[in-house]
Every structure is written in structure tokens, then in C-alpha cells.
Amino acid sequence: MEPLLEVRELRTHFFSRAGVVRAVDGISFRLDRGEILGLVGESGCGKSVSSLSLMRLVDRPGRIVSGEIVFEGRNLLALSKEEMRRLRGNRLAMIFQEPMSSMNPVFTTGSQIAEAILVHERVSRGEARERTIRLMRLVGIPDPERRFRQFPHQFSGGMLQRMMVAMALACNPSVLIADEPVTALDVTIQAQILDLIKELRDRTGASILLITHDMGVVAETCDRVAVMYLGKIVEMGPLASIFETPKHPYTVGLFASIPRLEETVEWLQPIPGTVPSPLNLPTGCRFFSRCPHAMPRCAETEPPTVETAAGHQVACFLYESGGPA
Amino acid sequence: MKWFRTLPNNLWAFARDYKLAAVGGALVLLFVGVAALAPQLAPYDPDTVSLRESLARPSPRHWLGQDNQGRDLLSRIIFGARMSLYISVSSIGMGALFGVALGMLAAYYRRLDMAIMRLMDVVLAFPGIIVALTTIAILGRSITNVIIAIGIYHIPQFARLAHGLTLTIKETVFVEGARASGESDAAILTRYILPNCLAPIIVQTSLLIPGAIMTAATLSFLGLGVPPPTAEWGSMLQNSLQWAQLAPHVMIVPGLALMLAVFGFNVLGDGLRDAMDPRLKKR
């Protein structure tokens, strides 16, 4: 089946005075219809820049240097600014991390969702209002008629994130990018919002790119997972396959550093070393300096991406000939 | 209209916490009221000459006395208030309109930043009165040109304020969200950035009005402002100079009016600034 969104060798670099930061450096993935893909990685690995690149919202000094983003058969990077603006919020929508600062404080929340509809569709104000109230009901906001007239500061974080989900869904997007949508919320509310996102995927058939640093969120929500490290996707595959048989030493290290209920361990196993400066990336494999299985050639050449199981890809020399030596 | 119902309470709370500002507010209200109702309040036509009563002292018929041409000083002060208010509000309004637009554009489109803000710095480098004098020298002497002259000097002050505010607001998540939902630049500037930087701009306006009143009076005093015989406080002061020893009231009356109006705006502006700045909140 033709994927809904396909990213090929996307590179987004930041040109700062201190040098070039290769925040996203050649990532490729596809997003199928109705699928939830998790993009995981630690702070600064390029997750958010990847999502902003998909929306073409990267600001100076950042720039998309090369690659292709094919969405519904069109390369987004070849579109004019105006064509791209018409897609944003319409076919491609986005939810941000902090619900409390995601809405304009001087207008009512309802009017802002209605505005999101009016930007893209020729409907009357009354009809936009009707649709907004229906959306608010869909995302589980009680008493939507009254809530419509309230300002962002009158909402709780969880309710406001529901409003943001409603706003993102305003024009029935086929791709929803959720950049850390639950990070700023507490755990019970997190579960509610994640359930809401899954339920909406089932109901509207939208594909979701979920960006997070939280493996628990991934386990709960995603169908497939891509693990990012320093601007590259090091491992990607179906959820079960990644969680049960992580292949890349970085992914293995990530799992070893998460506490588990079912095992009693004295100490968690951290990944040794620190993330290298993005200004001065190592040649060869980027995980080389911290990798327990580092080999001389890892320092020289970039490891190829190999497929170890159906749909499970990993960028590491260990798996070049079928498994770790 | 919730704010409308709570307004009396809010005003009362403001007056209680900022007493000096409340006095200023009363003076400003008086000034604006007098200016608005000038034709109804003035007992005489401000321009009617009566040479037999030249420099007459205050009397029951002319409460504040008469000037060297026998014109009623009270009426001239009242119409002078109207002129001062008209000039100061129009010139600050003009400065705010162009300044805020330029400042927002400079901050939003980084390409324009250097050109616009450095030009503003150039204007700001000169003292206000020099800019105003030069503008009058180029455009000629009329009320409109006085407004333009004072307005031009205030453009950079508003531009700087709006520039700084826009730089902060355009980095907020809700502006990024607006872009992600496909809003155009024009919509982001007018619906997201402008409403969120309005409060400091309003305070700035009230703080700059007294300066504009002074500058207008100064221009008239120097003979480059409102052309005679129109009643204007600055030109009344200038005219009074020759008779200062003979009839001091001719000088004191417009001087006092000018002082009270400027004082009123200044303390009101200070109070508003403090009240709107949560860090300086008294309670």
C-alpha cells in the first residue's frame, strides 16, 4: 500500500555562529494510513526539529537542507509558501507540549477553534461555532456551550490539551503530529489524553506521529517505533519487536536505564558517557563513543541500515551479517 | 460585559491604592472635560478683543482677568485646553500608529529589522524639540504640521516598545501553534501579536501625552507652533512675557494650566504603569 507520508533522507541543519548543527541528518520513515508511529529519543536528538520540518516551520538559522517529504503524492518541500500554509492545520495538524501556553490568552478558546476552521473553509461563523461545539463534545469537554466562551486561563491543563486536540482535528487532518502532547500533564491525565488520541485515530482514521521521550507513552499508544539518536534514526520497527528484541546498543541501553516493576535491581544501568556536542559530531557511528560493542570500523564509517526481522531496521555493524558476533 | 459591571469597583480600588494617581486622574478628567465642552463652558469668545480693558485684573465679570488685548483669559485657557488635547492626542496617536506598525514589522520580519530599527535610532538620537523644529521648518507653520512634527518624534519610541514586545510574543507556543494551523502572517500580526502587546502600549501612550503637550506649548512659545490668534497655552505664555511685571496674572494663568495638565497626566501614567505591572503590585 502507498504510504500516506513518506520522509526520505531529510536533513535539517542549523547554521549558527559556532558552526553547523546537524539537528536532523538524513532520516527516512513512512507513516501509513491510520497508524501511530512513535518517535523516541532523548532531549536534543532532533525529534522536535523533525516534526517542525514536516510542517516546514523551521525558523532561521535552521534550514531544511535536503530530502523529500512526500505527502498524499506531493513533495512538501517543493510547494510554495502559500500552498504549504493551506495544508497546515488543514491536512497536517500539530499539537504542542505545553497546553497552558498553546492558546492566545486574549481570545476565548472556542473562538480560536472556530478560527482554525474559518482559516481553511468557507463556512459561516455560526456554522464554525456549531462544528467547534461538536468537536469539543467529541474530545470529552463537558458543557461545551459554556466552555466555548471561556478564556484559556479558565481551563485546567488537561482540559486545555483536549481543546488543542479539538483544534488540531478542526479540519479533519489526515496526519496529526503530536510533539510531547502529554509531557506537561500528570499521569492520570496523560492516560486520558493518550486514550483520547487513540480513540480519535480509530474514529477518524488519521495517522499520528507521536513524539516523546517516554517509553511508557510509546508502549501504551504506538503501533511502530522509531528511535532517534543525534539526528539519525538508529532503529525502527513494530512496537512488540522493538520492546521485546531491541537491537541497537542505544535502544538496549535505553531500556536498561528504565526502572521495571517486575525486576528487582540494585542499580539502574545508565548509558556511559555523555551525548557528544552536536557541533562536533563523530565520524562514523554517532553512538561510537558510548557503545559497549564499539569496533574500530565504527569510528570510520557510518553503519548501514539492515533489516533484522520483518519491518525491523537497525543501523549498526553488529547486525550486518545476521547477528552480534 | 462583565468588565463594565466591575468597573466602578476597580476604579475605587485603584484610587485607594494609588492616591496620587487618582488626583492625576481627576486633573486629566477635568482637562478632558473642559476641552470637550469648551464652547459651552467659556463665558466669552476667546478671540474677542477689548482694548479698553487691556491687562485687566481678575474681576467678577472676568474671573481670571484679561490679556493685553483685553481678551478673556478664562475663555482662552478653556479653548487652549482643547487645542492642547487635540494636538497631543493626535500626535501621540500618529506616533503610536506608525511606531507600533513599524516596530512589529521589524521584529516579525527579521530582514526589515536592521533598516527600520536603525532609522528609528537615528531619529531618537536628536532631542525631540530639534526634530520638531526641523519638521516645522520644512513643512511650514500650521496646526496639522505641529501634530506631524511631534508625531514623527514619537514614532521611534513606540517602535522600540512594539519591537521588543513582538520579539517576545512571536516566540510563544501559541504563535507557533497559529502558524501550524495555517494562519497567514497578517492574521498572526493582528490577531495574536497586537492584542498581546496592547497593555504596555496604552501605558506608554498615557506617559507620552504630557511630553507632547509640553512640546506643543514650547513650539508655540518659540513662535513655530499654532499660529495666532488661536488660543494656545504656549503662545499665551510667550505673549505674557512683555507684561510680566505689569500684569503677572497674564503669565501665571496659562503657566498654571500647563503645569497642572502635565502633572495630572504624569502621575496618572505612573500609577497606571505600576498597577499594570504585577511585580510592582501593592497588594
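**Figure 1. Where chain A meets chain B.** In this predicted model, 21 residues of chain A are in contact with 15 residues of chain B. Two elements of chain A, α2 (81-87) and α3 (109-120), each give two or more residues to the side that touches chain B. The largest share comes from α3(A), with three residues. Sorted by class, this side of chain A holds 10 nonpolar residues, along with six polar and five charged ones.

**Figure 2. A look at helix α10 of chain A.** This helix covers residues 249-256. Which of its residues are buried? They are A:Pro249, A:Tyr250, A:Thr251 and A:Leu254. And what do these buried residues pack against? Their partners in chain A are two helices, α8 (215-221) and α9 (239-244), plus two strands, β9 (224-229) and β10 (232-238). A handy bit of background for viewing a helix: with 3.6 residues a turn, residues three or four places apart point the same way.

**Figure 3. Chain A as a whole.** Stepping back from the close-ups, chain A has 10 helices and 12 strands. Its C-alpha atoms fill a box of roughly 65 × 50 × 45 Å along the principal axes. The radius of gyration of chain A is 21 Å, which agrees with the value near 20 Å for a compact globule of 325 residues.

**Figure 4. Inside the fold of chain A.** Of the 325 residues in chain A, 43% count as buried. Now take the contacts in chain A between residues at least 6 apart in sequence: 64% of them join residues at least 24 apart.

Notes: Residues numbered from 1 in each chain as written. Chains lettered and ligands numbered in written order. Predicted model: local features only at pLDDT ≥ 70, side-chain atom pairs only at ≥ 80, totals over all residues. Contact = placed C-beta atoms within 7 Å. Helix = DSSP H or I, 4+ residues; strand = E, 2+ residues; numbered from the N terminus. Nonpolar A, V, L, I, M, F, W, Y, C, P; charged D, E, K, R; others polar. Buried ≥ 20, exposed ≤ 12 C-beta atoms within 10 Å, placed from the backbone. Rg over C-alpha atoms; globule rule 2.2 N^0.38 Å.
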